[in-house]
Structures are given as C-alpha cells and as structure tokens.
Amino acid sequence: MKHKMIRFSAKFLCVIFLVIGVLVSCLSKGTESEEILFASLFSLLTPEIPETDLEGGDVSFTIHSISPTVIIENSQFTIEGKNLNKTNEKELFGDGYAKFLQFVEVLDDKITVSLHMCPSSKLSFPISGKNITEGNISIPCLGSSRFPLKSLKFDLGIEIDPIVGSSVVYPPQTLETLQTLGEIEFLVEGVLPNGISLHPESGELSGVPTETTENDFKSYPIIARLKANPLVKIVSKINLIVLSAEEKNNRKCRSISSTSTCRGPSPHVCTNSSLCYTSRLSCEISQKCGF
C-alpha cells in the first residue's frame with residue numbers, strides 16, 4: 001500500500017533543524033517546564049499519520065456477510081463487515097438507488113437496509129471500498145422484477161399447445177432460487193380468456209380459447225410464490241391475444257406501392273390499422289398488425 005509523503009522545502013527543513021538544535025542545547029540546562037515546551041513544539045512539527053488497517057492501507061469498508069442470503073422485495077436485510085459507517089447508498093448501489101432502497105441504520109459493523117423494489121433478479125455491490133479490485137457480491141432478489149414482457153398469440157377455438165408459463169415469464173435461475181426456499185404455486189391476476197387456464201402446480205398454460213380478446217393484446221400478471229409464505233414471490237407479465245379467423249385476416253400485412261403519404265423501401269399496410277409501415281417486418285411486429 002502506498003504511504004502519503006509530506007514534502008518540505010530544503011530551506012524549511014533547515015529552519016526546523018536549527019530550532020530543534022537550539023532547543024536541545026537549551027534543554028541540557030533547562031527546567032522541566034522547558035522540556036514540556038519542547039515536547040509540545042516537536043509534536044506540532046510531526047505530521048499526522050492517517051489511520052490504517054492491518055495491511056497498512058487507508059481505512060476502507062469491507063463487507064463480510066449478507067443476511068438473509070435471498071432478499072425479498074418490501075423487506076429488510078443486513079450487511080455486516082468492518083468500517084461500514086464509511087460508505088453510503090450511492091457508493092454501494094450506484095446512482096438511482098433511492099428508487100429501490102435506503103439505509104435504515106448504519107453502524108461500524110452493520111448496516112440495515114430497507115428494500116422497496118428489486119432493480120433486477122440480483123442485487124450486486126462491491127465487497128470492499130479499497131482502491132483495488134476485489135469483486136462484487138451478488139445475491140438473488142425476489143419480487144416484481146422487470147422481466148422482458150412476453151407476447152402469446154392464439155386462434156379462437158383451436159387448442160393451444162401446452163406452454164410452461166413459468167419458462168415464458170421468468171428466467172430459469174430466478175425460479176430455481178425461489179424453489180430452493182420451499183414448494184411454490186402459480187396464479188394469475190385477473191381472468192384469462194375463457195377456455196385458457198394456468199395450472200397452479202406446474203405453471204402450464206393450456207386449453208381451447210372460446211372467446212377473443214377483441215383484437216387487442218391483454219396484459220396478465222403471473223405470480224410464482226411460496227405456498228408456506230405467499231409474501232415471498234416473483235411477479236412478471238405476459239401479453240396475450242386470441243383472434244377469430246376474420247380478425248386474423250384483417251391483421252395480415254400486405255405490400256403496396258409507394259405514395260406521397262406512404263413511403264419506404266417496402267411499404268406495407270394491414271386492414272386493422274390506418275398506419276403505413278416502411279417494411280414488412282415493421283408491420284408484422286406492430287400491435288395492430290401481424291400475428
């Protein structure tokens with residue numbers, strides 16, 4: 001570890017040594033009070049040495065452990081270590097931390113953190129504040145994490161191939177983390193279109209749709225939670241659409257010739273939308289066209 005050095009000019013050092021020399025000469029004949037005066041003056045000339053850790057480096061926080069090892073949204077967790085009162089939320093969790101968490105109590109050896117919302121499926125922060133790379137700590141964070149929204153498309157009256165909804169809406173490692181805590185169950189917020197159901201044990205979507213979603217995507221939150229403690233859960237969403245044969249036909253993208261109001265390398269339109277799309281791809285991925 002590097003040590004701070006105090007630089008003195010040669011002239012200033014000469015003055016210091018001259019003063020010390022005179023004082024030493026006087027002290028050989030001086031009184032006890034003069035000795036005290038000398039000690040006081042000498043202490044003023046001695047540079048203050050920064051507090052160091054056992055390895056000789058500048059004092060810095062170090063994290064030893066996190067409890068619990070899986071963090072739950074809308075709960076508290078503790079960070080234990082050394083010199084933790086020398087850090088703060090921004091240093092540990094970066095900009096924007098206020099949206100997700102805040103420190104409740106800060107001690108030298110422990111920090112209590114209140115977590116409002118999981119920023120992702122894992123919470124990561126540095127293991128130390130030293131000016132060297134020691135890696136990060138990453139622990140699972142369960143809650144309403146912002147997973148990518150999945151879109152499912154079904155035909156009215158046609159049996160859908162069974163879909164494991166859990167694999168559609170959650171990253172596998174997140175679901176596996178929840179399963180290590182106990183037996184889980186699946187449920188959907190809201191009412192799925194008639195004929196479609198979510199299996200509570202497997203999270204599988206299956207059935208024969210008997211009603212449309214009125215030519216529009218509907219959003220459904222899917223929840224996986226512990227049976228023994230429903231507050232321990234992960235939440236995501238799926239977009240789902242059920243179309244009749246006519247509605248599906250009206251969403252077909254077809255190419256047209258370029259006009260003054262519809263230009264592009266390959267203009268496309270569909271009956272269900274008044275918009276002009278510059279290519280077939282942009283038409284098919286829109287919410288109003290394609291299937």
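Which residue in β7 is the bridge partner of I72? I began with this point, keeping in mind that the model is predicted, and found that I72 has L142 as its bridge partner in β7.

**Entry 1, the sheet around β2.** I then looked up how the two strands are joined, and noted that β2 and strand β7, the latter made of residues 136-142, run parallel and are connected by 2 bridges. Following the pairing outward, I recorded an open sheet of 3 strands in the order β2-β7-β6, with mixed pairing. In this sheet β2 and β6 (122-126) are the edge strands, each of them pairing on one side only.

**Entry 2, E73.** Next I turned to E73, which I located in the loop that lies between β2 (71-72) and β3 (75-82). Is E73 buried or exposed? Its relative accessibility is 14%, and because the cut-off for buried is under 20%, I entered E73 as buried. I also checked where the side chain of E73 goes, and found that it reaches the backbone nitrogen of C118 at a distance of 3.0 Å. When I set aside the neighbours within four places in sequence, the contacts of E73 were L115, H116, M117, C118, L142, G143 and S144. C118 is thus listed among these contacts, as is L142, the residue I had already met as the bridge partner of I72.

**Entry 3, aromatic rings.** I searched the whole structure for aromatic pairs and came away with 1. The rings belong to F93 and F125, with centres 5.1 Å apart and planes at 70°, so I noted the pair as edge-to-face. The pair links distant parts of the chain, since F93 sits in helix α3 (residues 89-93) and F125 in strand β6, 32 residues apart. On accessibility, I wrote down 17% relative accessible area for F93, which is buried, and 1% for F125, which is buried as well. Strand β6, which carries F125, is one of the edge strands of the sheet in my first entry.

**Entry 4, the protein overall.** To close, I looked up the figures for the protein, which has 7 helices and 16 strands. It has 291 residues, and 35% of them count as buried. Taking contacts between residues at least 6 apart in sequence, I found that 53% join residues at least 24 apart. Finally, I noted an accessible surface of about 17,700 Å², with 54% of it belonging to carbon and sulfur atoms.

Methods. Residues are numbered from 1 along each chain as its sequence is written. This is a predicted model: local features need pLDDT of at least 70, side-chain atom pairs count only at pLDDT 80 or more; totals for chains, interfaces and linings use all residues. Side-chain values use heavy atoms; hydrogens and water are left out. Helices (H or I, at least four residues) and strands (E, at least two) are DSSP runs, numbered from the N terminus. Buried means under 20% relative accessible area, exposed over 50%, partly exposed in between (1.4 Å probe, protein chains only). A polar contact is a pair of N or O atoms within 3.5 Å; within protein, one must be able to donate a hydrogen and the other to accept it, and residues adjacent in sequence count only if both atoms are side-chain atoms. Contact means heavy atoms within 4.5 Å. Two strands pair if DSSP finds at least two bridges between them. Accessible areas come from the Shrake-Rupley method with a 1.4 Å probe; for residues, only the protein chains shown count as cover. Rings of Phe, Tyr and Trp (its six-membered ring) pair if their centres lie within 6.5 Å; planes under 30 degrees apart count as stacked, over 60 as edge-to-face and the rest as tilted.
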